[in-house]
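Reader: I would like a close look at one part of this model, namely the contacts made by charged and aromatic side chains. Please take the pairs one after another and keep the reasoning explicit.

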Amino acid sequence: MCHIGIFLLYFSAVKQYDVILIGGGLAGLTAAIHLAKEQLSVMVFERHTYPRHKVCGEYVSNEVTPYLQFLGVDLQLLQLPQINNFVITTQKGREISQDLELGGFGISRYAFDELLYERAKKLGVHFVFEKVEEVIQIQESYSVRSRTHDVSARLVLGCFGKRSNLDQLLNRDFIHQPAHWVGIKAHYSHPNFPRNKVELHNFEGGYCGLSLTETNHVNLCYLAKYKSFKKYKNVDEFNAKVLSKNPHLAKFFTESNLVFEKHLAIAQVSFEPKKAVEQNMLMLGDAAGLIHPLCGNGMAMAIHSAKIASEEVLDFQKHQSKSLLFENYTQKWKTNFESRMKFGRLFQKILMHQKLTHIGMTLGSKMPFLVQKMIAKTHGNPIVCQ
């Protein structure tokens, strides 16, 4: 029997789905909900069970609120802090405060992922909590294999986050570039942290975000140059000797207590450009491009990318053209996110340069509309749902 015949027999024997999603973070869960809501059969591969904490800033722009309502995700089940003010400080503690026109909410990934997971299960999404070991394409179908599962689908969506073994398996361009950043995250108890604020504090070699979550604990999440970070014995020493040089962060550490047993960390964080379609798979969220955390909008972008991908997949069910699917998704991803990511890179360069930060803060304090423009450049408009 010819090889193609053998493969066709193989695909007819394994469990088939309309769509397989690799990765069950915000993008993967949101796309799974959207597609299942439209009666497609969906399988999600995710390495870890829910709920769990992840290294992530936990402020979400209200641009995604209408879309979450459309998906039947009830945020009212949680007592979420409503955030409408943004504070940014320099290394020496100079401060600018700016109201957020659209605003947002604070929610931990522990609660958010669990909420989306429960909604996906209710819609009939199937989950496998194992690492994907292989993705094979033959003709118009894909085989996705883990340790105990072997399933197929006509479409596979990559939702596997910032850096994955699959990036190496797919030999993606960015994986060969050096990754200079490390991310640190923990929750702290604080007696009077304001419920309506998201704060961004600059320190030498990085920046740190603070915002309240549904538990009334403050999420502290920062990005630091690995070259700087590795000079210190541990996170506590780095916090004490580097972050605390910013008087706002020094005050925060003095007044708060660590809730987590220890800080969470993620290394080799890369902001190199990525492709929205890789080897005939749509890439969603951080798998398609990582916006700098200082923009405070990575979670919203992941959710929005899931909407775009889901709508293109649903259109594909009608026109059945993969080339059109890939072309349309790539174009819409660029239209919605490319400019935001460029400005994110620009703002990061400014924040990492002390003199430029001082100049920017001086101009921003005298001309608040400049800060408003910065916020507008990294935030989207409310997502329209039909």
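With which residue does R145 form a salt bridge, and how far apart are the closest N and O atoms? Please start there, and then go on to the other salt bridges and to the aromatic rings.

Author: The model is a predicted one, and the values below are computed from its atoms. R145 forms its salt bridge with D150, and the closest N and O atoms of the two are 3.4 Å apart. A salt bridge is counted here when such a nitrogen and oxygen lie within 4 Å, so the pair of R145 and D150, at 3.4 Å, qualifies. As for its surroundings, R145 has a relative accessibility of 26% and therefore counts as partly exposed, while D150, at 28%, also counts as partly exposed, because the partly exposed class lies between 20% and 50%.

This bridge belongs to a set of 13 salt bridges in the structure. Another of them joins the side chains of K185 and E58, with 2.6 Å from N to O. K185 lies in strand β10, whereas E58 is in the loop between β2 (42-45) and β3 (59-61), so this pair ties together parts that are 127 residues apart in sequence. Both K185 and E58 are buried.

A salt bridge is also found between the side chains of K241 and E237, at 2.9 Å from N to O. These two residues belong to helix α7 and, because they are 4 residues apart there, they are separated by about one helical turn. Their accessibilities fall into separate classes: K241 is partly exposed at 45% relative accessibility, but E237, with a relative accessible area of 15%, is buried. Elsewhere, K54, R109 and D113 are joined into one network by salt bridges that share partners.

Helix α7 also leads to the aromatic side chains, since F238 in this helix (residues 235-241) pairs with F203 in strand β11 (residues 197-203), a link between distant parts of the chain that are 35 residues apart. The ring centres of F203 and F238 are 6.0 Å apart and the planes meet at 80°, an edge-to-face arrangement, because angles over 60 degrees are classed in that way. F203 is buried, with a relative accessible area of 1%, and F238 counts as buried at 0%. Both residues belong to one aromatic cluster, which is formed by F203, Y222, F229, Y232 and F238.

In the whole structure, a search finds 19 aromatic pairs. One of these is formed by W181 and Y207, whose rings are 6.3 Å apart from centre to centre, with 45° between the planes, and which are classed as tilted. This pair, too, links distant parts of the chain, as W181 is in strand β10 (residues 181-189) and Y207 in strand β12 (residues 206-212), 26 residues apart. W181 is buried at 7% relative accessibility, and Y207 is buried with a relative accessible area of 2%.

Finally, there are contacts in which a charge meets a ring. The charged end of K37 sits over the ring of F70, 4.1 Å from its centre, and the charged end of K15 sits over the ring of Y17, at 5.5 Å from the ring centre.

Definitions and conventions
Residues numbered from 1 in each chain as written. Predicted model: local features only at pLDDT ≥ 70, side-chain atom pairs only at ≥ 80, totals over all residues. Heavy atoms only, no water. Phe/Tyr/Trp six-rings, centres within 6.5 Å; stacked < 30°, edge-to-face > 60°. Buried < 20%, exposed > 50% of the residue type's maximum accessible area, 1.4 Å probe, protein only. Lys NZ or Arg CZ within 6 Å of the ring centre and 35° of its normal.
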